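Good morning, and thank you for the time. I shall take the sheets, the pockets and the cysteines of this model in turn, once the structure is on the screen.

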Amino acid sequence: MRVSRDGGRTYPRRNERAITEEAPNQPAAVLIYDNTGSARTLCVDLDTSKGGRDAVERDFAAVRAILTRVGARFFADQSPNGGIHVYVPLADPLPLHTARVVTRALAARTPTMDPMPMMGIDSGCIRPPGGRHKSGGHQKLIGSLTEAWTATKQRTTAEAWARLTTELAIDVFAASSASAEKPADVVQLRPLGRHDTPDNAYQAIARTGDFDTSRYAT
């Protein structure tokens, strides 16, 4: 996890520490991706700054309905300011390039969703239930602890995940490939020292996190 030293505004890498039974006395966020670049939980962050409490509640109802229809396991919590986090524990690890496609598809349906937690391997993190909020309160679990515990033990299956991508009307493989090929409107990466400039393929991997799975294992 990463502990915030500025009251919950930022969660820098230098403040990273192991998760222990002792809860930090400052806001802290748990990293979503592991060292292989995969996530074991899809996180949906519904933010009141994008429309207010009523809009968040509307989008939460929509997300909950979708996940229930496809048979996904999930639980949620709410921050003191009304924002809601939805967690979908997964039986199979979720690679970054797939997570980004699904996150964008969900965000297109839910205007209050902040996609950023799922968009970066190194920066992706989220406050879990019980986590201290920058307002001084805590993330409060929605529903029972038993339901949340069950969702983490009986995780969303590959079959339910396939139904979710069908529900969102996306072809994950095609969308991932297209995003890697689409030129990004960013400054060209510069080489370090006397090294050569990375070629276009590596430029795309560095910018998007998408890669040729037939060539690279991770």
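Before the pockets, one definition: a strand is a DSSP run of class E with at least two residues, a helix is a run of class H or I with at least four, and both are numbered from the N terminus. Please also keep in mind that what you see is a predicted model.

Let me begin with the largest pocket. Its space comes to about 850 Å³. The lining consists of 37 residues, and those closest to the centre are Ile19, Val30, Ile126, Pro128 and Pro129. Which elements give two or more residues to this lining? They are strand S2 (28-31), strand S3 (38-46), strand S5 (84-95) and helix H3 (145-153). Among the contributors, S3 gives the most, namely five residues. Sorted by class, the lining holds 23 nonpolar, nine polar and five charged residues.

The second largest pocket encloses about 560 Å³ of space. Here 23 residues form the lining, and Tyr11, Asp45, Asp47, Asp114 and Arg127 are the closest to the centre. At least two lining residues come from each of S3, S5 and strand S7 (125-126). By class, this second lining has eight nonpolar, nine polar and six charged residues. S3 therefore appears in both accounts, as an element that gives two or more residues to the largest pocket and as one that supplies at least two to the second largest.

I turn now to the sheets. As a reminder, strands of a sheet pair through backbone hydrogen bonds, either parallel or antiparallel. One open sheet is made of three strands in the order S1-S2-S7, and the pairing is antiparallel. Its edge strands are S1 (2-3) and S7, each of which pairs on one side only. S1 and S2 run antiparallel and are joined by two bridges; within S2, Ala29 is the residue opposite Arg2. On the other side, S2 pairs with S7 in the antiparallel sense, again over two bridges. There Leu31 stands opposite Cys125 in S7.

The other open sheet to describe has five strands, ordered S6-S3-S5-S4-S8, with antiparallel pairing. Why is one side of S6 and of S8 left without a neighbour in the sheet? Strand S6 (113-114) and strand S8 (140-142) stand at the edges, and each has a single partner strand, so one side of each lacks a neighbour there. For S8, that partnership is with strand S4 (residues 75-78): the two pair in the antiparallel sense over three bridges. Ala76 has Ile142 in S8 as its bridge partner.

Finally, the cysteines. How many disulfides does the structure hold? The number is zero. Cys43 takes part in no disulfide, and the nearest cysteine sulfur, that of Cys125, lies 9.9 Å away. The cut-off for a disulfide is a pair of cysteine sulfur atoms within 2.5 Å. Cys125, seen from its own side, is likewise in no disulfide, with the sulfur of Cys43 as the nearest at 9.9 Å.

Are these two residues buried or exposed? Buried means under 20% relative accessible area. Cys43 is buried, because its relative accessible area is 6%. Cys125 has a relative accessibility of 15%, and so it also counts as buried.

That concludes the presentation, and I am glad to take comments.

Methods
Residues are numbered from 1 along each chain as its sequence is written. This is a predicted model: local features need pLDDT of at least 70, side-chain atom pairs count only at pLDDT 80 or more; totals for chains, interfaces and linings use all residues. Side-chain values use heavy atoms; hydrogens and water are left out. On a 1 Å grid over the protein atoms alone, a cavity is a set of points where a 1.4 Å probe fits but cannot get out, and a pocket is an open set with protein on both sides within 12 Å along at least five of seven lines; lining residues have an atom within 4 Å of a point. Grid points are joined across faces, edges and corners, and a volume is the space filled by probe spheres set on the points. Ala, Val, Leu, Ile, Met, Phe, Trp, Tyr, Cys and Pro count as nonpolar, Asp, Glu, Lys and Arg as charged, and the others, Gly among them, as polar. Buried means under 20% relative accessible area, exposed over 50%, partly exposed in between (1.4 Å probe, protein chains only). Two strands pair if DSSP finds at least two bridges between them.
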